[in-house]
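Could you walk me through this model while I have it open in my viewer? I would like to know what to select next and what is there.

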Amino acid sequence: MGRALIVIPTYRELNNLRELLPHLAAYRDRFDILLVNDEAGDGTGDWVRTHPDYGQTLFLLERPGKQGLGTAYREGFRWALARDYASVFEMDADLSHAPDALPALLAALETCDVVVGSRYLEGVRILNWPISRLLLSLTAAQYARFLTGLPLTDPTSGFKGFRRRVLERIDLGRVHSTGYAFQIEMNFLAWWKGFRLAEVPIVFTDRHEGDSKMSGAIVREAVWEVFRLGLRRLFSKRATRP
C-alpha cells in the first residue's frame, strides 16, 4: 500500500501538538500529517510553519474560527484526494490516541476498506475518563449499533483509517454532521456502499491538556443523525461489495 496521510483537526491544541508531533515523527516513513487548524489566536499556525518537517511530511490547512470536527475532516479528505495518498487516517490532537497503534491500523487496511480503532473490542480500554463520560460513550455505541446495524463495537471512535477508494465513493458534500456524529455517519456510508469494515483494539487515554469539545448540541446532533441513518437502513438497500 502507498503512502498514508493522517488528518488531525486542531483548535487550541498547541501544547498538545508540541508533545504529539515528536511521537509521530517515528512514522514519517509511512505517514504524512495534515493539521486542519481552526484559528484560535494561540499561535498554532505560526508554530507549525517553523517546524522542521513543515512542507515535507507535515502540512497545514488553516481556517478562520471554530468550524467543527466534521467540516475539518471533510476538508482534510478533499486535500488528500487532490494528492496521491493511498489511505487517509483520522486522529485526535489531544494525545488520547496512541501513535504506536498506527502500524496495526495501517496493516489492517490490507484486508479491509475502513479500519476503526476500538476502545471496546477486548473489554473497556479507556483510561482516566469519569464514569459519566464512559456511560455516555457506551450508550451512544449501543444506540448507534441498534439503529444502524453497524458491525462495530465502537462506531463513535475517532481513530480510524480509510482506503482512498472509500473516500472517492462517498459524496463528502452530502456528509453534514459536524460533531462526533460524523464518525458514525462516515462508518455507515462506507458500510452501506458495501465496503468492508474492521476493528483493531486500542487503548484510549483522556486528553492531557485542554477542554473536551463535547456539548449538549453535539449529543443532540448525534441522537438525530443516528435516527436518520436508521430510517435509511429501513427504507433503502445496502450495496454489495464494490
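## A tour, starting at one helix

Begin with α5 and look at the face turned away from its buried side: the exposed residues Ile 131, Ser 132 and Phe 146 are carried there. Keep in mind throughout that this is a predicted model.

Now select the buried residues of α5, which are Leu 134, Ser 137, Ala 141, Ala 144 and Thr 148. These residues lie on the same side of α5, because they cover an arc of only 100° around the axis. For a check on the helix, place a distance between its end C-alpha atoms: α5 covers residues 131-148, and its 18 residues should span 26 Å at 1.5 Å a residue, which agrees with the 26 Å found between the ends. Step just past the helix and you meet Gly 149, with a positive phi of about 80°.

**Either side of β6**

Go back to the loop between β6 (126-127) and α5, and pick Asn 128 there. Asn 128 is not a glycine, yet its phi is positive, about 75°. Is Asn 128 buried or exposed? It is exposed, with a relative accessible area of 61%.

On the other side of β6, select Gly 123, which sits in the loop between β5 (114-118) and β6. Gly 123 is partly exposed, its relative accessible area being 40%. Add Pro 201 to the selection: 78 residues separate Gly 123 and Pro 201 in sequence, while their C-alpha atoms are 9.2 Å apart in space.

**Into β1**

Next, colour strand β1 (residues 4-10) and find Ile 6 in it. Ile 6 has a relative accessible area of 1%, so it counts as buried, the cut-off being under 20%. Which residues is Ile 6 in contact with, leaving aside its neighbours within four places in sequence? Show Leu 24, Phe 31, Asp 32, Ile 33, Leu 34, Phe 89, Met 91 and Leu 102. For a view across the model, draw a line from Ile 6 to Trp 224: the two are 218 residues apart in sequence, and 29 Å apart from C-alpha to C-alpha.

Follow the chain out of β1 into the loop that leads to α1, and stop at Arg 12. Arg 12 has a positive phi of about 60°, although it is not a glycine. With a relative accessibility of 55%, Arg 12 counts as exposed, because that is over 50%.

**The enclosed space**

Rolling a probe the size of a water molecule over the atoms shows where empty space is left. How many cavities of 30 Å³ or more does a search of the whole structure find? The search finds one. The elements that give two or more residues to its lining are α1 (14-24) and β2 (31-38). This cavity has a volume of about 70 Å³.

To see its walls, select Leu 21, Leu 24, Ala 25, Arg 28, Phe 31, Ile 33, His 51, Asp 53, Thr 57 and Leu 58. Six of these lining residues are nonpolar, two are polar and two are charged. Leu 24, Phe 31 and Ile 33 may look familiar, as they are among the contacts of Ile 6.

**α7 and the pocket beside it**

Move on to α7, where 12 of the 12 residues are buried, so the helix is largely enclosed by the rest of the structure. Among the buried residues to show are Phe 182, Met 186, Phe 188, Trp 191 and Trp 192. α7 reaches 16 Å from its first C-alpha to its last, close to the 16 Å expected for its 12 residues at 1.5 Å a residue. After α7 comes Gly 194, with a positive phi near 95°.

For the last stop, select Ile 170, Asp 171, Arg 174, His 176, Glu 185, Leu 189, Lys 193, Arg 228, Leu 229 and Arg 232, which line the second largest pocket. Two elements, α7 (181-192) and α8 (216-235), give two or more residues to this lining. The largest share, three residues, comes from α8. Colour the lining by residue type and you will see six charged residues, three nonpolar ones and one polar one. The volume of this second largest pocket is about 190 Å³.

Methods:
Residues numbered from 1 in each chain as written. Predicted model: local features only at pLDDT ≥ 70, side-chain atom pairs only at ≥ 80, totals over all residues. Heavy atoms only, no water. 1 Å grid on protein atoms, 1.4 Å probe; cavity = no way out; pocket = protein on both sides within 12 Å on 5 of 7 lines; lining within 4 Å. Points joined across faces, edges and corners; volume = space filled by probe spheres on them. Helix = DSSP H or I, 4+ residues; strand = E, 2+ residues; numbered from the N terminus. Nonpolar A, V, L, I, M, F, W, Y, C, P; charged D, E, K, R; others polar. Buried < 20%, exposed > 50% of the residue type's maximum accessible area, 1.4 Å probe, protein only. Contact = heavy atoms within 4.5 Å. Expected span 1.5 Å × (residues − 1). Arc of directions from axis to C-beta.
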